[in-house]
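Colleague: I should be grateful for a close look at a single part of this model. Please describe the main sheet together with the elements packed around it, and then carry the account on to the neighbouring parts.

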Amino acid sequence: MAAWKSGCLFSIAGTLMFRHAIICLLFSGLSSASLLSPAEAEPFKRHHERILGTSLDLVIMAPTASDADAAEAAALDEIERLDLVFSLYRASELTALNAKASSSVSSDMLTVLSRCETYMDETGNAFSCRIGSLLKTWAEAEASGVAPDRPSLRIMAGQIKRANVRLDDPAGTVERPSSVLFDLNALAKGYVLDAALEAARQASPDISGMLVNIGGDIRTWGEGPDAGKWRIAVTSSSQIGDGASAPGQMMLIDEGAVATSAQGLRDREIGGQFFGHVLSPADGWPVEEVFSASVYAPKAMDADALATALMVMGIKDGLAYIETMDSVEAEIVTYDGRRHASSGWSQFSTGETSPIPDPEADKYSFEIDFEIPSKSVAAYERPYVAVWIADERRNLVRVLMLAGDESRWMEENYYWYRRFARKAGSLVDAVAGPTRRPGEYELQWDRLDDDGAPVPNGNYVLHIEASREHGGHQHESLAFSLADEPFTLTAEAGEELGETTVSFAVK
C-alpha cells in the first residue's frame with residue numbers, strides 16, 4: 001500500500017463512546033526533517049487495512065525507504081503466515097485443531113497454547129483460551145435474540161475448566177476434549193505482533209526502531225521519533241472505526257508493548273439488553289466490575305493476555321498479580337472513572353491525561369451518530385474524516401475526531417484545512433486501545449472545549465467533512481443552540497457519509 005496511506009483516526013473529544021471498537025496509529029504533525037534521530041534515520045509510516053480483521057500501522061525508523069520497505073514486507077509476510085495458524089475466520093491450523101480430538105501442531109501453536117494454559121493456572125481461571133464454546137453460545141444468543149441460560153453456562157464453564165487438555169511439546173501434539181474449543185484471540189494477536197516485529201528486524205538490520213500497531217495492540221522496539229521514545233495515548237473507551245478516542249493517559253516508552261481491553265466496544269444487544277463481550281471463564285457470564293484495563297509488558301503476547309485477565313480478576317487481585325511480575329505495569333479503570341494503577345505505571349506518564357467522567361454525574365447528554373459506509377468499488381478506501389464544533393463566529397471550540405495522514409487529509413478536507421487545521425495541535429505516535437469494527441459510530445461530547453473548559457450555552461455548529469482518494473468530498477454542518485431544551489438534528493446521507501444525527505438531552 002502506498003506510503004502516503006499511513007493515516008488513521010485521531011479523536012480528542014472529552015468523552016467518546018462508540019458502538020464499535022476501534023483504534024489505530026497516529027502520527028506526529030512534525031515534519032520528517034524535524035524527527036531525524038539519529039541523523040541517518042527518519043520515520044517511515046505505513047498503513048494497511050484488512051489485516052487480521054482490523055488495521056495495521058507501522059512506524060519504521062530507517063536510513064532509507066528501501067530499508068523501511070524491506071521491514072514492512074517482512075512484517076506483512078509474517079502476519080499472513082501466522083494468520084493461517086491462528087485464525088478462526090478462515091481455514092487454519094486452529095480450525096483444524098478444533099475439529100479433531102488429537103492433532104499434530106506447529107511450534108507457534110504449541111507456544112501460544114502453552115502460554116494460554118500457564119496464564120489460566122496463574123490467574124485462577126480468570127484467563128482462558130478454552131472458551132470458544134462459551135463465545136459461540138453468546139453469538140447464537142445474539143442471533144436469536146434470547147439471552148443464554150446462566151446456570152447452563154456455569155455448568156459448561158465448569159466442564160471446560162476441568163477438561164484434560166494435553167500438550168506434548170516433544171511430540172508436537174495436542175489432545176483436546178470435546179468440551180473445549182480453543183479461541184486464541186486474547187493472546188495470539190500479541191504473539192503475531194512480536195513475531196512481525198522480529199521478522200522485520202531480521203529482514204532489515206539497518207532499521208533502528210519500529211512500532212507495530214494491529215488494531216490497538218502496540219509493540220515498539222528501538223528508538224522512537226520523540227527524543228528516542230514512543231509517545232502512546234492509552235484510551236479506555238471505544239472510538240471511531242480505525243481511530244482513537246480522547247486519550248485516558250499519555251505515555252512515553254522506550255520499547256515494549258501496550259494493550260488495552262475495555263467494555264462497551266463489541267457489546268451484544270440481546271432482547272433489548274446490552275451484554276459486554278469480555279466473559280468470565282469461571283461462569284461464562286460477562287464481567288461487570290472493570291471498565292478497562294491497560295497493560296505495559298516487554299512482549300505484546302503478555303500485554304495482550306494480561307489486559308484481558310485484569311478485566312476478569314478485578315482491581316485488588318489483578319493489581320496484586322501484576323506486582324509479582326518483573327517489568328510489567330498496569331492501570332485499571334472502573335465505571336466511575338477512577339484509575340487504579342500498579343506501583344510503576346506512573347513512570348510512563350507524561351502528566352497529560354483526559355479523565356473519564358462519571359456518566360451518572362453528567363447533567364447533559366450530547367450524542368453524534370454517523371456512519372462511514374463501505375462502497376462496492378474497486379480498491380475502495382474509507383474516507384479521511386474531520387469532525388469538529390465551532391461557535392457562531394466560526395471559532396474552533398472542540399476537535400472531536402481527525403482521520404487520515406495529516407498532509408493528505410489537510411489537503412483533501414479543504415474546509416477543515418483552510419479554517420482550523422493549524423489550531424488542532426500535534427498528534428501522537430500511537431494510540432493503544434480496544435480493537436475496532438467498521439460501520440456506525442457514536443460520539444459523546446462532554447461540553448468541554450479543547451482547553452478543558454466548560455462550554456456555555458449559546459449557538460454552535462457541528463461540522464463533519466469527509467474526502468476519499470479516487471472518490472468524492474462531503475461537508476455537512478448542523479447548527480444548534482445549547483440551552484436546557486432537548487433537540488435532535490439530522491443530515492441526510494451523501495456521497496461519503498451516511499446519515500448523521502445530533503441529539504441533545506437533559507438528564
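Modeller: What follows is an account of the sheet, its helices, and the parts beyond them. The model is a predicted one, and the description should be read accordingly.

The part in question is an open sheet of eight strands, in which the pairing is antiparallel. Across the sheet the strands follow the order β2-β3-β7-β8-β11-β14-β15-β16. Its edges are formed by β2 (42-51) and β16 (339-341), each of which pairs on one side only. From one strand to the next, the twist averages 10°.

Within this order, β3 (residues 54-62) is joined to β7 (residues 209-214) by six bridges, in the antiparallel sense. To fix the register of these two strands, one may take L58, whose bridge partner in β7 is V212.

Two helices that lie across strands of the sheet may be described next. Helix α6, residues 185-203, lies across β7 and β8 (217-222). Its direction makes an angle of about 30° with β8. Helix α7, residues 300-313, lies across β8, β11 (256-262), β14 (290-297) and β15 (329-334). Relative to β14, helix α7 runs at about 155°. Strand β8 is thus crossed by α6 and also by α7.

Helix α7 also meets helix α8 (residues 315-323): their axes come within 7 Å and cross at roughly 145°. On the α7 side the contact is made by L306, L310 and M313, and on the α8 side by I315, D317, G318, Y321 and I322. By character, six residues of this contact are nonpolar, one is polar and one is charged. The loop between α8 and β15 contains S327. This serine has a positive phi of about 60°, although it is not a glycine. Such a value merits attention, because most residues other than glycine have a negative phi.

The aromatic pairs provide another view of how these elements are connected. Searching the whole structure yields 14 such pairs. In one of them, the ring centres of F86 and Y191 are 5.7 Å apart and the planes stand at 85°, so the pair is edge-to-face. F86 belongs to helix α1 (residues 65-86) and Y191 to helix α6, and the pair links distant parts of the chain, 105 residues apart. F86 is buried, at a relative accessible area of 6%. Y191 counts as buried too, its relative accessibility being 15%.

A second pair is formed by W138 and W285, with ring centres 5.0 Å apart and planes at 65°, so this pair is also edge-to-face. Because W138 lies in helix α4 and W285 in the loop between β13 and β14, the pair ties together parts 147 residues apart in sequence. The relative accessibility of W138 is 0%, and the residue counts as buried. W285 is likewise buried, with a relative accessible area of 10%. Elsewhere, ring pairs link F366, W445, Y460, F480, F487 and F504 into a cluster.

Helix α4 itself, residues 132-144, comprises 13 residues. From its first C-alpha to its last it reaches 18 Å, close to the 18 Å expected at 1.5 Å a residue. Its buried residues are G132, S133, L134, T137, W138 and A141. The elements that cover them include α5 (150-162), β12 (268-270) and β13 (273-275). Just after the helix, G145 takes a positive phi of about 80°. The loop between α3 and α4 holds N125. Phi of N125 is near 75°, a positive value in a residue other than glycine. N125 counts as buried, at 6% relative accessibility.

Helix α3 leads to another sheet, an open one of three strands in the order β4-β6-β5, with antiparallel pairing. Here β4 (102-104) and β5 (166-168) are the edge strands, each pairing on one side only. The twist in this sheet averages 10° from one strand to the next. Strand β5 is joined to β6 (residues 173-175) by three bridges, and the two run antiparallel. In this pairing, D168 stands opposite T173 of β6. Helix α3 (residues 107-122) lies across β5 and β6, at about 135° to β5.

Notes. Residues numbered from 1 in each chain as written. Predicted model: local features only at pLDDT ≥ 70, side-chain atom pairs only at ≥ 80, totals over all residues. Heavy atoms only, no water. Pairing = 2+ DSSP bridges. Helix = DSSP H or I, 4+ residues; strand = E, 2+ residues; numbered from the N terminus. Axes fitted to C-alpha atoms, helices over the stretch in contact; angles between N-to-C directions. Contact = heavy atoms within 4.5 Å. Nonpolar A, V, L, I, M, F, W, Y, C, P; charged D, E, K, R; others polar. Expected span 1.5 Å × (residues − 1). Buried < 20%, exposed > 50% of the residue type's maximum accessible area, 1.4 Å probe, protein only. Phe/Tyr/Trp six-rings, centres within 6.5 Å; stacked < 30°, edge-to-face > 60°.
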